[in-house]
Structure formats: C-alpha cells, structure tokens
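Colleague: Please show me the model, and then let us go through its aromatic rings.

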Amino acid sequence: MALTVGGVVPAAAQSPDAGSIGPGSVDPASLAPSVAPGSLLGVPSLSIAASTQLGAPIPLTGVLGSLADAGSGDFARPGSSLPPGQPIAVRDRSITRSEVRSIAPLFPASAHEVDGRAEVWTVTSATMQRVVRVEVYRAPAGVDAPNVYFLDGVGSESPSGWSGGMGWGDPAVRDLDVNVIAPTGAPSSMWSDWRTDDPVLGPNSWETFLTEELPPLLEQGLEGTADGLAHNGDWGVLGVSMGAASALHLANSTPEMFSGAGGVSGAYSTLDELGYQYARLTVAARHGEVANMWGPRGSQAWEDHDTVADPSGLAGQSVFLSAATGLVGSTELGYFGSNELVLLDGHVLEKGSYESTLALEAALGGVPDVDLEVVYMDAGIHNWPAFVPQMLPGLRHILSGLDPAVPNFRATTGGVADRDNGPLGSLGSTGSSGSAGSAGSVDSSGPLRGAGGGSAGSGGS
C-alpha cells in the first residue's frame, strides 16, 4: 500500500492529547487565524467565536445540525446555487428507452483545437424517465483509453465543474490518455438510486444510470454525428465533495466495473453521526427530503452506502483521497474575504471531511492490495481552492491502476468535431435535437457492457 501524506501528520502519528478533543469534535484552536490576529474575519472581533460559543470543543455533528437549523442550505457552498423554485426533473412517461439523442460541441466558439474533444451528449434514462446532459471529454486521437467518471458536488451544475479549472482547464489533464465523462443535473442526489421520487429533486437513479445505462451509450455514439468513445474497457471514478462519497461507493459496490477511485474532500460513512449529518445536509441543501433517498435512517440502504464500514470492494484498486484541516488560511481569505458564513461553513464541512478521510484510510488498512495515496493539506476549507489542486494528482493516481491506453492507429477521435456538421449547440446547451429511436438507443434492461464489447471493466482487475 503506497501512502503519500502532504502537509499534516496523520492523526495516528500525532502525540495523544490529554484534553477532551477527539473524533467528531471541532478544536477551537483550529479556528485560529494563520495570518495576523484580527484579520481572519475582519476587525475588531472574531465573531465566529461568539456565534458558536467556542469556549470548549464543540461536537462537530452538533455544529452541523445547528447550521442546518440556521438555513445552511442557502450558504455559498461548492457547486451551490439558489434552491430550485420548481422540480428539477419530472418523469416523462414517453421515455421508455435509454438512447443518445444528440451530440454537440461543448465549446463551439473556441479557437483551440483541443476543445474540439469536449462534447455535450444529450441522452435519456429509461430508469429515471428523464433527459440527462452528459459532458464527454475524449482522449487524444490514436488510442483506446480508459474511461473515468467525474462526479460533481452538491450543485451538479451545468456546465459541470470539470469544464473549467477543475479539470479541462488544466493543460496537463488534456494531455492524459483518458476519456472523462461528467454527468450533470443531479443536485443533492448523492449520485444514488433513490427509494422514492422527490417532489423537488425528482427521480434519481444515478447508480443504475452510471453503471448500466450510460456505458453502452458511450460505446455506440450517434450514427451520422459521432462515433462512440475509443475505450480500452477499463473504468475509474473521481468525485469531489458529494461526488467523492459517491465515487468511492460506486467503486466499492461495483468492483467488476471499476479499477480505481478518487475522493476529494468527501464523507464516506453513512452510519455514524457525522456521516448521517453530511447526507442529510446534502439533500436538504436543495430542499430535498432525505427519507426519499434511502428510507429511514438505519435502513439497509443506509448501511449499504457506508464505505468505511465495509470497503472490501476496493481490494486491488488504486484509491486516491485528499482533505484539508479546515483551517482558514491566506488563500481562503483571498477568495472569500470576511464572508463569515462561507468561512464557518467551509471550516466545519472540511474538518468533517478530514476526519472521515482518516477513518476510511484506517479502514482500508485491512483491505488487500489497495494502492492508496492520501494527501492531507495543512490549511483549506470546503470549497474550490482546496479542491482544484487535487484534480490532476487524483486523476493520475487513478490511472496508475487502470489498464493503459493502447494504440488504435486512428487519425481522429471520431468525435463530432471530426464531422462536417456545422455549428452545433453552445456552452451549457443540450446540443442539437437528435431523433428518438436512432442508432444510439439501448434497452436499459440489457447487460452492462463496456466500450470494448465485453463486460464493463473487462480490461481491469
């Protein structure tokens, strides 16, 4: 098991403290500014101390509950937006098949040739009976490459976080031999299969969509528009915040498909108090009802989504984890200034992610043949400045455990940019309207198949 720890000594290696600070607690010292006193939240007072009564260690779950009561779903969080004023999606009973309806350029106005590999796929999900916008970033021409899902945080925006600085904006990422697939439109869903359609969040069956419905569509492409992905058959998954928990769960529960997973600032338990609060707040952030997701707390579905309790499915996989301490430093001040709600919310959530990452790291110690890389940052709150730097190292580590790309000797990627179709779609659009019942359709009840024609993940361990 390879382990890289940056910036912070893991808790297991620190000297024990005789005080009452322990797992599940916020150390008041962790709110101490890393810059001159008085400049953390503005002069003259550190009002967080007054508002949270930092006279003694505060149970982290209690703080999370207080934030929810105060309306933390309205806080500016990673991937957040205003709560929806209407249902995000409703079932369209006319959708009975999973199919590709259109493929269009993601950046039609870009002068950069590399942006031609970024596409918007509009597909349908027979399980959810809804249209889904999926961003696809093809590997460079000439190779059959592994596929890696990118799962966004609570907002699951459109365009996705990957379209900018999170991934595609990094030239080093663009040079990697990998197809990145970023689904959108799943806010507060935990990228999970829900027990019941939610009045606000709509139908959510994302685990089924990602493992059964979407892979064969990516293999097929859309006749007359673009080829399917040049895929070597192996899969990985990388997520941030809400998507981090989901990425590790997917890889753990579907090891026959995935060979590697990465989580940036995630919470990986659903059974303990911290994990429950994280899941509850994630769903509540967009006014969803958590009981519609996995039923009552403690149900079998809640147990099944706890990766810390049983990470055995990750055996033999490459796993990347990262988290920060929650300490507010100069970087956070530069981005968020004296916005107390962002700083406090980000501190609490990232400290929780840090503790949960420690717990998953410890649990993985008993799982054979896990190639584990963990990065702990000595400062950073739960927001983009702590997430973005981990995208490239996380993706590289996942790829280290996947079957490498193999030459296919093709001069193009087979994407929409290689066809003379004229301008299609626009950034954030769903692209041109394809025809239902085209060659891009698939029976959702059929077997899970990878792009190489065999079972998904057939090229991996």
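The questions below deal with aromatic rings and their surroundings.

Modeller: This is a predicted model, in which local features need pLDDT of at least 70, side-chain atom pairs count only at pLDDT 80 or more, and totals for chains, interfaces and linings use all residues. Residues are numbered from 1 along each chain as its sequence is written, and side-chain values use heavy atoms, with hydrogens and water left out.

Colleague: How many aromatic pairs are found in the whole structure?

Modeller: Rings of Phe, Tyr and Trp (its six-membered ring) pair if their centres lie within 6.5 Å; planes under 30 degrees apart are stacked, over 60 edge-to-face, and the rest tilted. Searching the whole structure by this rule gives a count of eleven.

Colleague: Which kind of pair do Tyr-137 and Trp-168 form?

Modeller: Their ring centres are 5.1 Å apart. The planes meet at 45°, so the pair is tilted.

Colleague: Are Tyr-137 and Trp-168 buried or exposed?

Modeller: Buried means under 20% relative accessible area, exposed over 50%, and partly exposed in between (1.4 Å probe, protein chains only). By that scale, both Tyr-137 and Trp-168 are buried.

Colleague: Which kind of pair do Trp-384 and Phe-387 form?

Modeller: The centres of these two rings lie 5.7 Å apart. Their planes are at 85°, so the pair is edge-to-face.

Colleague: What does Trp-384 count as, by relative accessibility?

Modeller: Its partner Phe-387 has 0% relative accessibility and therefore counts as buried. Trp-384 has 26%, so Trp-384 counts as partly exposed.

Colleague: Which residues form one aromatic cluster with Tyr-149?

Modeller: The cluster contains Tyr-149 itself. Its other members are Trp-235 and Phe-258.
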